[in-house]
Amino acid sequence: MTVTLPGRPTALPPLPAARQVAEAARRRGAALDADGAFPDQEIVALHHAGLMAAPLDWLRQGEAGAATLAGVLCAIGAGSLPLGRVYEGHVNALGLLHRLGGAPQRALLEPEIRAGRLFGVWNTDDRAAPLRLERRGTGGILRGRKILASGAGWVERPLVTAATPEGAVMVLPHLRQGERADLSSWQASGMRASATGAVDLDGIELSEGEILGAPGDYLRQPYFSSGHWRCLAVQTGGMAELLSLLRTHLVGAGRDGDAQQRARVADCAIALETARLWVDRAARMAAEPLEDEAEALVAYVNLARGAVERGAARMIEDVQRSVGLAGLMRPHPIERLSRDLGTYLRQPAPDYALQSGAAHVLGQPGW
Ligand SMILES: Cc1cc2nc3c(=O)[nH]c(=O)nc-3n(C[C@H](O)[C@H](O)[C@H](O)COP(=O)(O)OP(=O)(O)OC[C@H]3O[C@@H](n4cnc5c(N)ncnc54)[C@H](O)[C@@H]3O)c2cc1C
């Protein structure tokens, strides 16, 4: 199965289209809960629904586009967190291309996006062989590899960071499906279908259109930190799914009238809505960041990370208490979703994110 099939976009608006793909992903969730699995058919379905290229339009629509993207990410995350992770990486790459791409990059890459090619963002380096770029004229050649790369073996246009003497640059090498990827180290308890692994990029030659931005652009604030809201939107979708599964279980088991169960359902609903509100505001703030509000935006998204992480972790605990042993038994979807969400919640430097958010609040009387 290839993810670059040409397809006719459906006429559905983005949110119903995303829900339709999410429903298909939900149905295949148990089958894809295996090492080395990947939601390839769902990526094709996203392309046929027009959702692989649509972010290019949403990125031009300011807050309205960000709200659409937030809804779509949340809907897809509810159907499948691995699919949501992979789609979020694709959207991240499109955002960087939209913000930093010049004529050579757009001419090369936009037709690929419209044809349904899967992109991703791979930043994490293997300490033993961190990726670097040797410049050759207007192009260059890559040395080294990346690890913890979602969609390894499937993403055909990863946006990867590569060191140069002037600082890290972004490059978009062309890969063929199945080549250079090693998924053997991805033995995580959850997110098994995200195909997160190592990719050897050594020796790949790059043209001018495959090199993006200037050294240091990838980590430039407020864009780098504030973009984390998209990951939170996917996680919020997972939270919504968990609450929905809890409801189905309690009602089905005739345990929905119990006071303790209701108290936990209330806590879960509060956690979900809290996450939604943080994500919604973070998405709107990040859509068109003002220069003098950059620090406030970064702090807001860092605090949003804490809100979603705590709410989701607490929700997993509450749901497991409410459902009991059945929720820890395969193939119950709550068992898989708890593993997927628990794994996906592990994002870089959560303590630092909270501390820097707190430092901003402490510096702002009346925050
Ligand atoms: C499903 C999944 C898919 C992923 N896909 C990709 C991808 O496509 N591309 C990519 O680039 N990456 C990807 N990653 C990797 C991701 O970006 C992070 O690198 C990874 O999740 C970091 O998790 P961690 O818990 O090891 O973080 P850490 O930052 O190591 O945090 C672990 C703990 O250590 C603390 N800590 C952090 N730094 C310090 C320090 N200096 N001193 C003391 N304590 C510290 C943290 O606060 C936390 O308590 C993926 C991760 C997951 C889970």
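Me: Is the crossing of α1 and α4 right-handed or left-handed?
Reply: In this predicted model, the axes of α1 (residues 14–28) and α4 (residues 62–79) come within 7 Å and cross at roughly 15°. Angles under 35 degrees count as roughly parallel, and α1 and α4 are therefore roughly parallel to each other. The crossing of the two helices is right-handed.

Me: How do the residues of the contact of α1 with α4 divide into nonpolar, polar and charged?
Reply: On the α1 side the contact includes P14, L15, A18 and R19. These and others in α1 meet residues of α4, among them T68, G71, V72 and A75. The residues of this contact divide into 9 nonpolar, 3 polar and 2 charged.

Me: Which strands are the edge strands of the open sheet of 4 strands?
Reply: The pairing in this sheet is mixed, and the strand order is β1-β5-β6-β10. An edge strand here pairs on one side only. The edge strands are β1 (119–122) and β10 (211–212).

Me: Which residue in β5 is the bridge partner of F119?
Reply: β1 pairs with β5 (residues 157–162) in the parallel sense, over 4 bridges. The bridge partner of F119 in β5 is R157.

Me: At what angle to β1 does helix α5 run?
Reply: Helix α5 covers residues 81–100 and lies across β1, β5, β6 (169–171) and β10. Those strands make up the open sheet with the order β1-β5-β6-β10. Relative to β1, α5 runs at about 85°.

Me: How many residues of domain 2 are in contact with domain 1?
Reply: Domain 1 spans 14–118 and domain 2 spans 120–212, while domain 3 takes in 223–362. The C-alpha centres of domain 1 and domain 2 lie 20 Å apart. On the domain 1 side 28 residues take part in the contact, and on the domain 2 side the number is 25.

Me: Which strands stand at the edges of the sheet with the order β4-β8-β7?
Reply: This is an open sheet of 3 strands with antiparallel pairing. Each edge strand has a single partner strand, so one side of each is left without a neighbour in the sheet. The strands at the edges are β4 (145–149) and β7 (181–182).

Me: Which residue in β8 stands opposite A149?
Reply: β4 and β8 (residues 197–200) are joined over 3 bridges in the antiparallel sense. Opposite A149 in β8 stands G197.

Me: Are α8 and α9 roughly parallel or antiparallel to each other?
Reply: The axes of α8 (residues 228–252) and α9 (residues 259–287) come within 9 Å and cross at roughly 160°. α8 passes α9 in a left-handed crossing. The contact includes W229, L232 and A233 of α8 and Q261, V265 and C268 of α9, and its residues divide into 18 nonpolar, 2 polar and 1 charged. Angles over 145 degrees count as roughly antiparallel, and α8 and α9 are therefore roughly antiparallel.

Me: How many nonpolar residues are in the contact of α8 with α11?
Reply: α8 packs against α11 (residues 333–344) at an angle of about 155°, with the axes 10 Å apart, and the two helices are therefore roughly antiparallel to each other. The crossing is left-handed. Among the residues that make the contact are C231, V234 and Q235 of α8 and P333, I334 and L337 of α11. Of the contact residues 3 are polar and 1 is charged, and the nonpolar ones number 11.

Terms used
Residues are numbered from 1 along each chain as its sequence is written. This is a predicted model: local features need pLDDT of at least 70, side-chain atom pairs count only at pLDDT 80 or more; totals for chains, interfaces and linings use all residues. Side-chain values use heavy atoms; hydrogens and water are left out. Two strands pair if DSSP finds at least two bridges between them. Contact means heavy atoms within 4.5 Å. Axes are lines fitted to C-alpha atoms, for helices over the stretch in contact, and angles run from 0 to 180 degrees between N-to-C directions. Angles under 35 degrees count as roughly parallel, over 145 as roughly antiparallel, 65 to 115 as roughly perpendicular and the rest as oblique. A crossing is left-handed if the near helix is turned anticlockwise from the far one by less than a right angle, and right-handed if clockwise. Ala, Val, Leu, Ile, Met, Phe, Trp, Tyr, Cys and Pro count as nonpolar, Asp, Glu, Lys and Arg as charged, and the others, Gly among them, as polar. Domain bounds come from an automatic or database domain assignment.
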